[in-house]
Amino acid sequence: MVYYGGDMKLLSRYAVLFLAVCCLCPAIGEAQAAKARAPRIVNRVAATVNGRPITSAEVRFMMGPYLRELSMLYPRQGPRFNAELLKVKKQVLNELIDRELVLGEFEGRGLMFPETAINEEISRRVLVQYNGRRELMLKELRQRGMTLSELRDSVRKELTVSAMRSSRYDRGIPPTPDEIQAEYRATRADYRDVTKDSVCYDKIYIPAVDPKDPNITPEQQLMLAEAVTKSLQKGEISFADAARRYSHDMHAEDGGKWPYVQRKDLAVEFGNIVFSLPKGKIVGPLVDRSGFTIVRVTGKRQAPAPSLSAPGMKQRVDDSVRRKNNEKRYREWVKRLRDRAVIRTYI
């Protein structure tokens with residue numbers, strides 16, 4: 001049974017606070033600045049699962065990477081922003097609820113994980129979600145009202161759930177060599193060092209404050225960026241001509257053409273967006289602290305994947321095959337746990 005308390009619109013208030021403080025240029029209107037001065041969100045309970053609490057801080061932190069990208073993609077927020085945000089909130093909350101269901105089922109078994117395992121998982125997340133910049137993760141922890149100790153506890157729970165799942169469902173018939181080879185061929189790119197991926201793109205950068213005319217407002221600059229984007233998408237102007245006319249970065253005179261750049265050298269949110277784009281698609285304006293970007297990806301290069309003979313790789317692929325083979329049974333079991341649990345949500 002699931003009980004809902006509170007108002008789903010609270011999520012939008014989280015997003016507004018995040019945008020005003022972290023993403024939009026401080027000069028983009030007094031309205032955003034006023035929202036940034038709203039009362040600080042306290043770390044209250046977001047949900048309970050058979051009495052086990054899930055905190056709002058944990059939900060906010062888990063939503064952080066998604067929020068940053070949505071904030072960049074939708075500078076004016078609006079219905080699409082709120083719809084995407086609601087989907088993220090439901091996804092994160094459901095994942096945390098499932099985690100607590102499994103933990104509750106296995107409570108008392110005393111599984112222990114060495115601190116090195118927790119450190120390795122946190123380091124993996126820093127690499128994937130923050131381009132290896134640990135200081136960005138710590139900054140986001142502070143913004144979400146979560147301590148490093150609380151993050152470590154959350155990671156410990158996730159590792160515990162993974163181990164419990166393996167002990168219950170992943171010890172079936174070992175995969176055959178052919179299955180391991182097939183899984184490796186299908187998923188080997190997932191094991192690469194993504195920070196060494198590279199991308200090249202065409203880019204137009206329009207600053208929030210026009211260096212030639214300080215009387216032009218950030219709102220006017222955003223409107224200009226929106227108009228340029230529409231003209232590009234309709235084919236009314238070439239990207240090169242638009243870059244030479246409107247862009248304010250080092251490659252403007254070259255028609256906005258950037259050489260290949262490694263992912264680790266890009267802002268995390270920008271990197272996530274451009275690497276997810278198909279070649280040739282024009283997207284923008286993307287917003288950051290200082291202005292607006294219009295981008296078109298022209299090429300991508302993936303870092304090499306480790307070979308199957310690399311240390312630990314065969315076991316990782318073996319685990320992946322077992323997990324996929326037992327996914328259906330695992331999901332059916334979690335559904336049974338949900339059906340008999342008392343779940344209350346408050347956000």
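**Strand 4, its partners and the nonpolar core**

In strand 7, Thr 293 is the bridge partner of Tyr 205. The model is predicted, so local features need pLDDT of at least 70 and side-chain atom pairs count only at pLDDT 80 or more, while totals for chains, interfaces and linings use all residues. Residues are numbered from 1 along each chain as its sequence is written, and side-chain values use heavy atoms, with hydrogens and water left out.

Strand 4 (residues 198–207) and strand 7 (residues 291–301) pair in the antiparallel sense over 10 bridges; pairing requires at least two bridges found by DSSP. Helices (H or I, at least four residues) and strands (E, at least two) are DSSP runs, numbered from the N terminus. Strand 4 also pairs in the antiparallel sense with strand 5 (residues 261–262), over two bridges, and there Ser 198 has Gln 262 as its bridge partner. Of the 10 residues in strand 4, 10 are buried, where buried means under 20% relative accessible area (1.4 Å probe, protein chains only). Ser 198, Cys 200, Asp 202, Ile 204 and Ile 206 point one way from the strand, and Val 199, Tyr 201, Lys 203, Tyr 205 and Pro 207 the other way.

Elsewhere, the largest nonpolar core has 29 residues; such a core is a set of buried Ala, Val, Leu, Ile, Met, Phe, Trp, Tyr and Cys residues joined through side-chain atoms within 4.5 Å. Its largest share, 10 residues, comes from helix 4. Val 102 is among the residues with the most contacts inside this core.

Conventions: Buried < 20%, exposed > 50% of the residue type's maximum accessible area, 1.4 Å probe, protein only.
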